[in-house]
Amino acid sequence: MSRRARTSAVLAAVVGGGLAVIGSTQPWLEATLRDGAHAVLPVPGTDALPLVTPLGLAALALGLALSIVGPVLRYVFGAIGVLIGGSLLAESVRIALTTPPQAVVTVVADATGLSGVSAVTALVESIVPTVWPWLTAVGALLVAAGGVFTLVTARSWRSTARRYRTDPAQVAGPRGSRPHDSHDPIDSWDDLSRGSDPTA
């Protein structure tokens with residue numbers, strides 16, 4: 001259960017963060033200009049929401065770190081994951097629902113030479129969202145869910161350091177003198193090669 005919980009939390013953060021990073025390079029909005037030709041300008045996620053890339057990268061790093069951190073940092077990183085996912089979710093949904101003119105100012109200014117929200121608002125006929133802010137919101141929801149799941153299950157996670165820990169009793173004892181119930185087939189073969197009876 002502990003290994004499955006850790007894996008689920010890590011995957012949620014990594015997949016969600018990766019989806020946000022991919023979404024940042026895709027068109028979030030399409031702005032149609034009032035120039036008679038109805039030119040349509042695609043607005044990538046990095047222009048519509050500049051925070052999408054750093055938040056997505058932070059979620060990726062968080063997911064990778066969750067696989068190795070100790071008990072205390074699990075709770076800290078879980079809380080950070082909830083904050084990252086919640087912030088990205090709220091902003092992505094806001095962009096998709098409200099299509100604010102501020103989100104297209106940079107692209108329109110580059111295409112027309114005009115600047116300022118009022119000038120862009122007068123020049124733009126319509127702003128239509130694509131599917132990408134919604135997909136980014138799904139990724140953000142995964143990150144937040146991974147953070148919540150981490151906070152709920154972190155106590156049950158097995159420490160990764162245990163696999164590298166050696167039992168002092170086994171180190172102190174002579175070779176071939178491990179308890180019989182800890183033997184595996186290789187140990188038994190080694191005992192036989194030294195002339196010991198592993199069944200004794």
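I'll go through the sheet in this structure, the helix lying across it, and a nonpolar patch on the surface. Bear in mind that this is a predicted model.

Let's start with the sheet. Three strands make it up, in the order β2-β1-β3, and the sheet is open, with antiparallel pairing. The edge positions belong to β2, residues 40–44, and β3, residues 124–129; each has a single partner strand, so one side of each has no neighbour in the sheet. On average, neighbouring strands here are turned by 25 degrees against each other, with direction ignored.

Now the pairing between β1 and β2. Strand β1 covers residues 27–33, and its antiparallel pairing with β2 runs over five bridges. If you want a residue pair to look at, take Pro27, which stands opposite Pro44 in β2.

What lies across these strands? Helix α5, residues 105–112, lies across β1, β2 and β3. Relative to β2, helix α5 runs at about 135 degrees.

Next, the surface. There is a nonpolar patch formed by Leu11, Val15, Val138 and Leu142, and together these residues have about 320 Å² of accessible area. Which helices supply the patch? Both α1, residues 2–24, and α7, residues 132–153, contribute at least two residues each.

One patch residue in detail: Leu11, which lies in helix α1. Its relative accessibility is 48%, and Leu11 therefore counts as partly exposed. The cut-off that matters is that exposed means over 50%.

To recap: an open sheet of three strands, helix α5 across β1, β2 and β3, and a nonpolar surface patch supplied by α1 and α7.

Technical notes
Residues numbered from 1 in each chain as written. Predicted model: local features only at pLDDT ≥ 70, side-chain atom pairs only at ≥ 80, totals over all residues. Heavy atoms only, no water. Pairing = 2+ DSSP bridges. Helix = DSSP H or I, 4+ residues; strand = E, 2+ residues; numbered from the N terminus. Axes fitted to C-alpha atoms, helices over the stretch in contact; angles between N-to-C directions. Contact = heavy atoms within 4.5 Å. Patch = residues over 30% accessible without salt bridge, like charges linked within 9 Å, V, L, I, M, F, W, Y side chains within 5 Å. Areas by Shrake-Rupley, 256 points an atom, 1.4 Å probe, with all protein chains shown as cover. Salt bridge = Lys/Arg side-chain N within 4 Å of Asp/Glu carboxyl O. Buried < 20%, exposed > 50% of the residue type's maximum accessible area, 1.4 Å probe, protein only.
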